[in-house]
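Work through the exercises below with the sequence and the model open. Each task is followed by a solution in steps.

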Amino acid sequence: MVVLAVLAVLMTAGIAAAANGGFSPQFAHSPNAARTNTAYWVVFGFTAAIFVLVEGALVLFIWQYRGRGRPRTAEGAQVHGHTRLEVIWTVIPVLILAAIGIVVFYELPSISSAPAASNPVRITVEGHQFYWQFDYPNGSRTINDLHVPVDQVVELTVKSYDVVHSWWIPQLGGKIQAIPGRTNHIWFKADRAGTYYGQCAEFCGLYHTVMRARVIASSDVDYRTFTSSTAASTLGKAEFTGVCATCHGMHGEGGYGPNLSQNPLIAQASGLTAIVRAGRGKMPPVGNSWTSAQMKALVQYTKSNVYKGASASGG
């Protein structure tokens, strides 16, 4: 029994480490996420009550009508139809489904539609293998980290340039797919400053598990400072660490992809641009939507921080 108890604890350790023990949504920090959680708890309440009722009745009947020494050939008491009972157990599920439907359809409009805002922040989200790219209203771009002002409506336009991805920051709302050739929309309004974590929720290839995202909510002043200056100055590093390092290592030392630290190609603007934009071999075209400014930032970063010079060949 002790061994079984220990095994049960180990099996549920991962669930217990998740938010709220893994059995409920993460704490909501956006109105749409809060309404989604409300619908979840209503459904959970009904289903939990039904589970307890049905399983309790099952245990009770097993005990009540156990054999008690009767031979297996003996028939138990014969129970005939009970019209009133049958009507009750037909009407109650109908009422339960009606209650759930009323709650869901009441909450749904506020989940899918953003509240009226005089000046919402509109940002484009692009899913790529295996990173997220964000385009801000002033033209700046970031990789994997989405910066937003706190307590303001943020409207996201979600796209993909390769395969199907799924944008999901649990504390800020539901999922939305990024589909090639199609544009989807989702919104949120972070109610406090902080960092919110997410993960691509659609299997999209070999490195799907590392396709993570962060939403960093800050004051309006900090947001404007970041998008106007900081984003551009850190773009090259963000591109390499958020895109290239996935396969080639944080210092270009190699991993699934080859070692880049001694490859002179990463210090050559034309060669690096061609590979990043078109791909090569198993490498997807990770920069097929990158601007000239992005490529320039990447080349500058790789020259200064990744390229260590060509290796000397032994003779």
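**Exercise 1. Find which residues lie nearest the centre of the largest pocket, and describe its lining.**

Step 1. The largest pocket is lined by 27 residues, and Cys247, His248, Gly257, Pro258 and Met283 lie nearest its centre. On a 1 Å grid over the protein atoms alone, a pocket is an open set of points with protein on both sides within 12 Å along at least five of seven lines; a cavity is a set where a 1.4 Å probe fits but cannot get out, and lining residues have an atom within 4 Å of a point.

Step 2. This is a predicted model, in which local features need pLDDT of at least 70 and side-chain atom pairs count only at pLDDT 80 or more, while totals for chains, interfaces and linings use all residues. Residues are numbered from 1 along each chain as its sequence is written, and side-chain values use heavy atoms, with hydrogens and water left out.

Step 3. The volume of the largest pocket is about 630 Å³, a volume being the space filled by probe spheres set on grid points joined across faces, edges and corners.

Step 4. Helices α6, α7 (269-278) and α8 (292-305) each supply at least two lining residues, and α6 gives the most, with six. Helices (H or I, at least four residues) and strands (E, at least two) are DSSP runs numbered from the N terminus.

Step 5. By class, the lining has 19 nonpolar, six polar and two charged residues. Ala, Val, Leu, Ile, Met, Phe, Trp, Tyr, Cys and Pro count as nonpolar, Asp, Glu, Lys and Arg as charged, and the others, Gly among them, as polar.

**Exercise 2. Identify the residues that line the largest cavity.**

Step 1. The structure holds one cavity of 30 Å³ or more, and the volume of the largest cavity is about 50 Å³.

Step 2. Its lining consists of Trp167, Ile169, Leu172, Gly173, Gly174, Ile186, Trp187 and Phe188. Strand β8 provides the largest share, three residues.

Step 3. Six of the lining residues are nonpolar, two are polar and none is charged.

**Exercise 3. Give the strand order of the open sheet and explain what is special about its edges.**

Step 1. Five strands are arranged as β3-β2-β1-β5-β8, with mixed pairing; two strands pair if DSSP finds at least two bridges between them.

Step 2. β3 (141-143) and β8 (184-188) each have a single partner strand, so one side of each lacks a neighbour in the sheet.

Step 3. From one strand to the next the twist averages 25°. Axes are lines fitted to C-alpha atoms, for helices over the stretch in contact, and angles run from 0 to 180 degrees between N-to-C directions.

Step 4. β1 (residues 121-128) and β2 (residues 131-135) are antiparallel partners over five bridges. Tryptophan 132 in β2 is the bridge partner of glycine 127.

**Exercise 4. Locate the cis peptide bond that ends at phenylalanine 130, and relate that residue to proline 284.**

Step 1. The bond from glutamine 129 to phenylalanine 130 is cis, with omega near 0°. Phenylalanine 130 sits in the loop between β1 and β2.

Step 2. Proline 284 belongs to the loop between α7 and α8. Its C-alpha is 9.3 Å from that of phenylalanine 130, although 154 residues separate them in sequence.

Step 3. Not counting residues up to four places away in sequence, proline 284 touches Gln129 and Gly279, where contact means heavy atoms within 4.5 Å.
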